[in-house]
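This report describes selected sites and helix contacts of one protein. The sequence and structure are shown first, and the description follows.

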Amino acid sequence: MKIAALEAIPYSIPYRHPLHFASGSVHEADHVLVRLRTDDGVVGLADTPPRPYTYGETQKSIVAVVQDVFAPQLIGVDIFDREKVQEILYRTVHNQTAKGAVDIALWDVIGKALGQPVTKLLGGYSDSLRVSHMLGFKPARELLALALEFRETYGINTFKLKTGRRPLHLDIEAARVLREGLGEDAELYMDANRGWSANEAAEVLRLTADLGLQFLEEPDDAREVLGRRRLVANSPIPIAADESAPNLGEAAKEILNGGANLLAVKTARSGFTEAAKIVGMAEGMGIDVYIGNQIDTQVGTVASVVFGAAFAHTAKRAAELSNYLDMTDDLLAEPLQIIDGRIRVPEGPGVGTGVNEEKLERYRSDR
Ligand code: MUC
Ligand code: MG
């Protein structure tokens, strides 16, 4: 069974309210749906979030690289020759989420062709994942009200607080208000998206030492190697790499450099094939991982669930799976449900990324 067509469809769905964080903000999901067809008519789907401030990609660059660079090289390749597909994709540098989406769409057709859920093909470890919700910049009291509402409505009790602001007390106060309002049982961690220097991050860790934070993600720019190494060596909690470890090589380098001792794994940027290699590498090195969020739609989130539930190493920690709730609508045909703080893996063949065609027509922006 061979790849016969590869399309990239830009679309846009507004957010209910913008999400702000240290490296940028989102107001609408101006994403790209990747659709891969085989010569037998099997269709695979995946979602691609352009994040210029993280990976340098835009909606237009994703459409261009998928249709003009990847499609001509991939058409005619057997769907089961995954290493050949990887070799072709990695001939092109960067374009992280475009490659991730092509890989996930390929896994979707493989699952459908075999009549198997992809989560089982990958590892089949669990049938659900515990959800962590990401809170963007807001005044501390509003953050607490939101977190309490999420706990009440969805049973979510793990929260990632976006930080990296100056003056530092804004984020320190937000963390303190959340801990006091949510109680000891809530799991809380911070993501500064490189907003601080290493010394500022050390100061925040000192002033929040009594709050029981789980870890701190991407506190500063990891390219400032010595500052980061010093921070990791002296931190009482793990320091996680997210955008500083977007691929297998960078993830290995960050760990070996002492730039991180925890890794965020994101299917949107790694697909399933590279993400599985990162998970294996981390497990072998004794490094914990968690499933991160690329501010994914439901189509993107279902891929994270399928992957995260497949492995013991990724299913251990809460996964960031709920930010689609900030969107006004979604393309996913079978909407996700968060019950008792968990999302279940879809049971049908493939990834479960089927879209509502009528909605795709309504939101696509190329016509
Ligand atoms: C994160 O973990 O950094 C920020 C931008 C994006 O695409 O995802 C985030 C979340
Ligand atoms: Mg992050």
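## Basis of the description

Contact here means heavy atoms within 4.5 Å. The model is predicted, and the contacts listed below are computed from it.

## Thr 48 and Ala 98

Thr 48 lies in strand S5, which covers residues 43-48. Leaving aside neighbours within four places in sequence, Thr 48 is in contact with His 31, Val 32, Val 34, Ile 62, Thr 97, Ala 98 and Ala 101. Because its relative accessibility is 0%, Thr 48 counts as buried.

One of these partners, Ala 98, is placed in helix H4, residues 96-114. Ala 98 also has 0% relative accessibility and therefore counts as buried. Not counting residues up to four places away in sequence, Ala 98 touches Thr 48, Glu 57, Ile 62, Val 65, Val 66 and Phe 70. Ile 62 is thus listed as a partner of Thr 48 and of Ala 98. From Ala 98 to Ala 8 the separation is 90 residues in sequence, and the C-alpha atoms are 9.3 Å apart in space.

## Magnesium site and Lys 160

The magnesium ion (ligand 2) has as protein donors Asp 191 (OD), Glu 217 (OE) and Asp 242 (OD), lying 1.9 to 2.2 Å from the ion. Along the chain, these donors follow the spacing D-x25-E-x24-D. Distant parts of the chain are linked by the pair Asp 191 and Glu 217, which are 26 residues apart. Asp 191 belongs to strand S8 (residues 187-191), and Glu 217 belongs to strand S9 (residues 216-217). Both Asp 191 and Glu 217 are buried.

Lys 160 touches these two donors: its contacts, not counting residues up to four places away in sequence, are Ser 132, His 133, Met 134, Leu 135, Tyr 189, Asp 191, Glu 217 and Glu 320. Lys 160 is found in strand S7, residues 158-162. With a relative accessible area of 1%, under the 20% limit, Lys 160 is buried.

## Packing of H3 against H4

Helix H3 (residues 82-89) packs against H4 at an angle of about 165 degrees, and their axes are 11 Å apart. Angles over 145 degrees count as roughly antiparallel, and H3 and H4 are therefore roughly antiparallel to each other. H3 passes H4 in a right-handed crossing.

On the H3 side the contact involves Arg 82, Val 85, Gln 86 and Leu 89, which meet Lys 99, Val 102, Asp 103, Leu 106, Trp 107 and Ile 110 in H4. By class, this contact has six nonpolar, one polar and three charged residues.

## Packing of H6 against H7

Helix H6 (residues 140-154) and helix H7 (residues 169-182) have axes 9 Å apart and pack at an angle of about 40 degrees. The crossing of H6 past H7 is right-handed.

From H6, the residues Ala 140, Arg 141, Leu 143, Leu 144, Ala 147, Leu 148 and Arg 151 meet Glu 173, Ala 174, Val 177, Leu 178, Gly 181 and Leu 182 of H7. The contact of H6 with H7 has nine nonpolar, one polar and three charged residues.

## Packing of H8 against H9

The axes of helix H8 (residues 198-207) and helix H9 (residues 225-234) come within 9 Å and cross at roughly 15 degrees. H8 and H9 are therefore roughly parallel to each other, and their crossing is right-handed.

H8 contributes Ala 198, Asn 199, Ala 201, Ala 202 and Leu 205 to the contact, while H9 contributes Gly 227, Arg 228, Arg 230 and Leu 231. These residues divide into five nonpolar, two polar and two charged.

Definitions and conventions. Residues are numbered from 1 along each chain as its sequence is written. Chains are lettered from A and ligands numbered from 1 in the order in which they are written. This is a predicted model: local features need pLDDT of at least 70, side-chain atom pairs count only at pLDDT 80 or more; totals for chains, interfaces and linings use all residues. Side-chain values use heavy atoms; hydrogens and water are left out. Axes are lines fitted to C-alpha atoms, for helices over the stretch in contact, and angles run from 0 to 180 degrees between N-to-C directions. Helices (H or I, at least four residues) and strands (E, at least two) are DSSP runs, numbered from the N terminus. Angles under 35 degrees count as roughly parallel, over 145 as roughly antiparallel, 65 to 115 as roughly perpendicular and the rest as oblique. A crossing is left-handed if the near helix is turned anticlockwise from the far one by less than a right angle, and right-handed if clockwise. Ala, Val, Leu, Ile, Met, Phe, Trp, Tyr, Cys and Pro count as nonpolar, Asp, Glu, Lys and Arg as charged, and the others, Gly among them, as polar. Buried means under 20% relative accessible area, exposed over 50%, partly exposed in between (1.4 Å probe, protein chains only). Donors are N, O and S atoms within 2.8 Å of the metal (3.2 Å for Na, K and Ca); water is not among the atoms, so sites may look incomplete.
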